[in-house]
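Me: I've got a model open and a few labels I'd like justified. Can you walk me through the reasoning behind them?

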Amino acid sequence: MGKNKKENGPLRVAVLFGGTSEERDVSIASGTRVIEALRACGHTVLAIDSSRGLIALEDEPRVLSAKIDTAPPPSDALATMRSGNGNLLRSPALDGVDVIFLALHGGTGEDGTIQAVLDLADIPYTGSGHLGSALAMDKDTAKRLFVSAGINTPRWLLARAPLEIVEREIGFPLIVKPNAQGSTVGISVVRRPEKLEAAVEQAARYGDDVMIEQFIAGRELTVGVLGDAALAVGEIVVDPNDIFDYRLKYQPGATREIFPADIPQAVAQEARSLALRAHQALKLGGYSRADFRLDQQGVLWCLEVNSLPGMTANSLLPQSARACGIAFDELCNRICRLAIEQYQKKKRS
């Protein structure tokens, strides 16, 4: 394929979705929307479930869905998929593909594993490389990098810290969550010491490491990053003493999301600047989404950065882009073009 076609003409894109993490349903919903958008842009699009392989065109209506349940898929169903023989690199459909659009979330799709495999296979893909993906997924490591970059982030400990240390260093209420999960899977607010152990046990179901984090009361803000530019700041309207959990994230009408956020211009500019700094501190590429809390004193606290943010009908990155005049179809197209640019730049270096 010539350079001109990669820059301007139609592409052959494989959209990789599904996977076997607790965010499988979210990934399928993202993949469904991305496939529709890229086809609307005139690209040839292949739908590939990383746990099943290429989805035949006639089977797409059965497999693809924009619906997300109120809870993640059950662990036993995911375990069955993980024991299967699916291997995306065995698919001859990847021959001649210009770029893989990663619509995966969580697990090996977002922790750098898939990215490293694709690097070895010399196949361009969207989003961040294997190092940045791994850094962003590990919340403990990411927060250490935020601190090094001068970005405020809530205090934290890794469980199992003794209760007296938790009370002294963090205090109640606090957040308990898996150290390497997204979509607020396994997260809970703990308001009393006697509830801490149960919350840690729940989070531990989704990974060996569990984070205990300072709870910051305030407004929930989010900022998308595309290329080297921060997009519009949005606000997710939730109870300032609660959290934006899995159910609220993915059920239509469960929350009110405002883009651009109704905040002072100086705060919006600071949030955009911090989102870019966090993106760079984690060595991310392509696009990302940073989440913040704005406390009552006007201080912004970076909660985390998502290296493969959701691309569903309710997702925050597309809303952040749309507030900047970038329609969803064009956003998906730009993400593909950025991936090819990054790949070509890496090959030249």
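Me: What makes α2 roughly perpendicular to α13?

Reply: This is a predicted model, and in it the axes of helix α2 (residues 24-40) and helix α13 (residues 328-348) cross at roughly 90 degrees, coming within 8 Å. Angles of 65 to 115 degrees count as roughly perpendicular, so α2 and α13 get that label. On the α2 side the contact is made by Arg33, Val34, Ala37, Leu38 and Ala40, and on the α13 side by Phe328, Asp329, Cys332, Asn333 and Cys336.

Me: And α6 against α7, what angle do they pack at?

Reply: About 95 degrees, with the axes 5 Å apart. The window for roughly perpendicular is 65 to 115 degrees, so α6 is roughly perpendicular to α7 too. Leu135, Ala136 and Met137 are the α6 residues there, and they meet Lys139, Thr141, Ala142 and Leu145 of α7.

Me: How do you know that the buried residues of α5 are on the same side?

Reply: Helix α5 (residues 113-121) has Ile114, Gln115 and Leu118 as its buried residues. They cover an arc of only 100 degrees around the axis, so they sit on the same side of α5. There's a general pattern behind it: an α-helix has 3.6 residues a turn, so residues three or four places apart point the same way.

Me: What covers the buried residues of α5?

Reply: The cover includes β1 (12-17), β4 (99-102) and α6 (130-137). Just after α5 comes Asp122, with a positive phi of about 60 degrees.

Me: Why are β5 and β7 called edge strands?

Reply: Each pairs on one side only. The sheet is open, with four strands in the order β5-β8-β6-β7 and antiparallel pairing. From one strand to the next, the twist averages 25 degrees.

Me: What packs on that sheet?

Reply: Helix α7 (residues 139-148) does, touching β5, β6 and β8, and its direction makes about 145 degrees with that of β5. Helix α9 (residues 196-204) packs on the sheet as well: α9 touches β6, β7 and β8, at about 25 degrees to the direction of β6. Angles under 35 degrees count as roughly parallel, so α9 runs roughly parallel to β6.

Me: How do you know that β8 pairs with β5 and with β6?

Reply: Pairing takes at least two bridges. Strand β5 (residues 156-158) has three bridges to β8, and strand β6 (residues 174-178) has five, so both pass that cut-off. Both pairings are antiparallel. For two spots to click on, Trp156 stands opposite Glu213 in β8, and Lys177 has Met211 of β8 as its bridge partner.

Me: Why is β8 called mostly covered?

Reply: Five of the five residues in strand β8 (residues 210-214) are buried, and buried means under 20% relative accessible area.

Me: What is the mean pLDDT, and where is it below 50?

Reply: The mean is 87, with 85% of residues reaching 70 or more. Residues 1-5 are below 50, and beyond near neighbours in sequence that stretch has six contacts in the model. Where pLDDT is low, the predicted coordinates should not be read in detail.

Definitions and conventions: Residues numbered from 1 in each chain as written. Predicted model: local features only at pLDDT ≥ 70, side-chain atom pairs only at ≥ 80, totals over all residues. Heavy atoms only, no water. Buried < 20%, exposed > 50% of the residue type's maximum accessible area, 1.4 Å probe, protein only. pLDDT = per-residue confidence, 0-100. Contact = heavy atoms within 4.5 Å. Axes fitted to C-alpha atoms, helices over the stretch in contact; angles between N-to-C directions. Arc of directions from axis to C-beta. Parallel < 35°, antiparallel > 145°, perpendicular 65-115°, else oblique.
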